[in-house]
Amino acid sequence: MAVKPLHEGYIGEVKDRVENYGGNYIVHIGWDHHMLYAAPQALVLSPDLPFAEFLHKVMPESFGAHPDFATIDWPSVQWKVDGTAFEPVPEKTLKELGVGHKSVIRFDTPGAMGIGNAGV
Amino acid sequence: MSIEIKTTALQPVRNTFANIERRFGDKPASRYEEASYDLQPSANFHYRPLWQPQYELNDVRRTAIVMQDWYDLRDPRQYYYGSYVQARAKMQETAESNYGFFEQRDLVSHLTDEVKAQLVRYVLPLRHVEHTANLNNVNASAYGYGTALTQAFMFAGMDRLGIAQYLSRIGLVLDGNTGTSLAEAKGYWMDEPVWQGVRAYCEETLVVADWFEVVVAQNVVCDNLMCDLYYSQFDQWLNQNQGQDVGLLTEFMRVWYKDISRWLDSVLKTVVAESPENKALLETWVTHWREKGALAWTPVADAMLGAGAMAQSLAVLDARLERAGLFK
Amino acid sequence: MTTKKLNIKDKYRLLTRDLDWDFSYQDRKEAFPYEEFEGIKIVDWDKWEDPFRMTMDSYWKYQAEKEKKLYAIFDAFAQNNGHLNISDPRYVNVVKLFLTAVTPLEYQAYQGFAHVGRQFGGVGARVASQMQSIDELRHVQTQVHAMSHYNKFFDGLHSPAHMHDRVWYLSVPKSFFEDARAAGPFEFLVAVSFSFEYVLTSLLFVPFMSGAAYNGDMATVTFGFSAQSDEARHMTLGLEVIKFILEQHEDNVPIVQKWIDKWFWRGNRLLSIVSTMMDYMLPNKVMSWQEAWEVYFEEGGGALFKDLARYGIKPPKYSEQSKIEKQHISHQLWWTFYTHGFATAFQTWIPTDKEMDWLSEKYPETFDKYYRPRWEHARQLEEKGERFFFPGLPMLCQTCQIPAVFTEQDDPTMTTYRASDYKGEHYNFCSDGCKDIFDDEPEKFVQAWLPVHQIFQGNCGGPEVSDILADYYQFNVGADNADMKNSDDMKRWKQWKGVA
Amino acid sequence: MSKVYIALQDTDDARYIIAALEEDNPQAVVIHQPAMTRVECEGALMLKRATVEEKLGRDWDVQELQLSLISLAGNVDEDEEYFHLFWKS
């Protein structure tokens, strides 16, 4: 379906197209079953950021406050980008792993079911 | 105990809203000020209208008139909704008692056939002019800029609907609630050559794109000519032709015209004083519509009041324009 | 001459409906250019039924009487420091949210109805719209005046219009109404008059006003009930609009159904803010959000859609989903506000034990299982002096613009992720409903001014969050956005009440 | 058949309107809530000018209802003699 304007040629201005971010991407990160974080977090990251750096720098800043974070068994974590599973490779960049502008990276941590095992 | 609280501890933290404080200083504000300034959304619009994608939902570019701050157009009557409806309620109370008196005393039976015929032929068709004025004022309210101005246009638009309804009631008084006089008057409006200029003028104002130009065509030119012809000159004619009781039925309009003029004059004056560009543009529009207005109303004026009436109304309009600072 | 007795319908027709005429000198389509593009077919405007046949003289008379009463109460409220009679200073935060989120919508309604009141080709529909327009202006102004007194004594109320255009969570109501105003005139009426005013507005006003009454806020009760008397006219207009459009042409039915589906969902999302007011922000509670939803939507709306079934109209798509969500959204939203409390122009707090027990009782299926653990954790952290805040900025839904806080129907611990790709860009949504709306009109919704994305572009000042709050949002940082317990509002309240 | 309802402010005039509603609609249920009263009925509610005038002891215009009204549900048919609220199915 398409919008039905008065006249042909109604083109919406995309207010957050990738060009507006000086080479960076908006990237969203969500932790499955950990609702202490009310919503996935939005960050501005370089698409060339290696996954290792993402894991060791970005993730602790974003999720380190959660008591489960320290106990995560990283090798067993399941990762998805925009709904598709991927295998993280430390030296590959986010872009190479399939992350695009406004993508959602999700991670599921089997065994860690949140505060009080309530998915918090 | 509670008295002590009220006198010592209950100092307000601030006197008014931050925008009002910025405009008028840190002091208690009037209800008009708090209800009228900076309320209109002015930034970060999400979607362009499907019906007008060249503009934002609220956009100063819908008119060629430019104001540094549209909120300079303060209403000297200080009408916000509450004060507006109370002012009109007072006027309608008088009108109600006037119409009631007219009907109970059967004053219509004192009118000569000539007066009645004049009313049907020349006064009742005005309800269609008023209806146009309703649309044109609502237009300025919808597409104009800044609450101070747009609310006043909304009030004016509703005034015109009210006046259209009062004029219709004059018809019902004349025809004993059958509606025949209204149908007859609509016939004149549609087909009588004398009215076709005014009707064409009304239709034209409804297709003009620039809302401020519409205001010039309607409120400045058409209204001033019409109100002088009817509520001044025709009123006199009625007095001289045993029709003075009709004045009871048009008192609302006369009081209204005075009220609305106070506001409109101030709007014009402020817009003219803003810049030479505004002044020049207004002069172009006024010249254009004055010429059309004169052509449109002359047949009505001649037939209703005789030669010379139109010239008098044009002179009244010109004096008003000059007072606003135009053409000088 | 004998005078015929006129009934109200004939009188209204003669006074009002016959004012318009067939044009001879201009093309009527140029005077009313927006009537056809949405595909709605109007065969005969004369079939329009005026819901209330009110002429302007009666309008001025009755409205002036209402205003006189209302302002007498405002004056008395201010003179007697009526704010001291509220139940608890936390209550004022409801007023803050109302003034910044709802009052500006009344303003947009004024503008939107002025627009359609100019554009409809039928005089009956125009006049009804114009009357609603001026009523909406009334509501803006009476609300500003009612809250003017609170602004003098509490923080967070000083810049409602400025904040509405900029603050992150206020883009939710703002974009809702701009969506309606940017649409064609018939969609606007279906969106606002029908879906919002008729189906959902009772959920905003009636429980909220009763809430104000329960919490000693006489100024709000008074403007609320006074506004509601106009609202009853507006609701009736909403129902007449729908019936009129549906009766005009059968081709209108699917278009209207699509709008009902869309605007039900938009409204449902918007009202999630109200759910937090009812369940968390009112210190004395009237009824739970779930109960209000059942009375006002499921029962009330059920009757309505039964009545509309004869036109082939079905209850809105996803109304079943709302029956599951009603047990969750207030908790999810207040958690969102609490964890973003540094960036809200109102104060936040953790519910008390008594309040949590009330929530357990009202939400036996969900509160203890999913939400109490969050609050208890947050309280432990507060006690340790480690108040928990959301660490950055949240992901927003492209359509409703609420942070993506909603969860899957079958798993309240799992965020709902939905997405679409359009012209090479990726868009995220909080729900199937919001994704459907985007997919149906992508050229419109790609334009969304998403606060988080705008902050990242540097369009809101900064880069420090505190600068954005102070300069771009014009918060009084440290006052407007404080935790309730440490706030200046609380300190003043204690001083007024003479308690330590 | 679904319920129609009308909600009125807790004012003196409204009390007479409610009394009239009760008289003309014996099946109506009157529910008192804080600051308002809700009158509901299966299918329809009829408010008659004549009955209100009788209760009030003065002339009463149906449009005066506007001064007390808070909310309603149902289709509206208003005349100078009555205010009728109903569902069609």
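This note goes through the chain contacts, the form of chain C and one bent helix in a predicted model.

1. Conventions. In this predicted model, local features need pLDDT of at least 70 and side-chain atom pairs count only at pLDDT 80 or more, whereas totals for chains, interfaces and linings use all residues. Residues are numbered from 1 along each chain as its sequence is written, chains are lettered from A and ligands numbered from 1 in the order in which they are written, and side-chain values use heavy atoms, with hydrogens and water left out.

2. Which chains touch. Contact is taken as heavy atoms within 4.5 Å. Four pairs of chains are in contact, and chains B and C share the most contacts. Chain A and chain D are not in contact; their closest C-alpha atoms lie 32 Å apart. Chain B and chain D are not in contact either, with closest C-alpha atoms 15 Å apart.

3. Chain C by itself. Chain C has 21 helices and five strands (DSSP runs, H or I of at least four residues for helices and E of at least two for strands, numbered from the N terminus). Its C-alpha trace spans about 85 × 60 × 45 Å along the principal axes. The radius of gyration of chain C is 24 Å, which agrees with the value near 23 Å for a compact globule because the chain has 500 residues (taken over C-alpha atoms; the globule rule is 2.2 Å times the number of residues to the power 0.38).

4. Chains C and B: extent. Chain C gives 101 residues to this contact and chain B gives 91 residues. About 8400 Å² is buried between the two, 60% of it from carbon and sulfur atoms. Buried area is the accessible area (1.4 Å probe) that two parts lose on being put together, summed over both.

5. Chains C and B: polar terms. The rule finds three salt bridges across this interface, a salt bridge being a side-chain nitrogen of Lys or Arg within 4 Å of a carboxyl oxygen of Asp or Glu. One salt bridge joins Arg169(B) to Asp57(C), with the closest N and O atoms 3.1 Å apart. There are 59 residue pairs in polar contact, both at pLDDT 80 or more. A polar contact is a pair of N or O atoms within 3.5 Å; within protein, one must be able to donate a hydrogen and the other to accept it, and residues adjacent in sequence count only if both atoms are side-chain atoms. On the side of chain C that touches chain B, helix H5 (residues 123-153) of chain C supplies the largest share, 19 residues. That side has 43 nonpolar, 31 polar and 27 charged residues (Ala, Val, Leu, Ile, Met, Phe, Trp, Tyr, Cys and Pro count as nonpolar, Asp, Glu, Lys and Arg as charged, and the others, Gly among them, as polar).

6. Chains D and C: extent. Here the contact takes 30 residues from chain D and 37 residues from chain C. The buried area is about 3000 Å², 53% of it on carbon and sulfur atoms. Gln63(D), Gln66(D) and Leu67(D) supply 22% of the area that chain D buries against chain C, more than any other three residues.

7. Chains D and C: polar terms. The rule finds one salt bridge across this interface. Lys9(C) forms a salt bridge with Asp77(D), the closest N and O atoms being 3.3 Å apart. Residue pairs in polar contact number 12, both at pLDDT 80 or more. Strands giving two or more residues to the side of chain D that touches chain C include S1 (3-9) and S3 (36-42). S5(D) gives the most, five residues.

8. A bent helix in chain B. Helix H12 (residues 276-305) of chain B has a kink of about 40 degrees at Trp297(B), shortly before Pro299(B). The bend at a residue is the angle between axes fitted to the seven residues ending there and the seven starting there. Gly306(B) follows H12(B) and has a positive phi, near 95 degrees.
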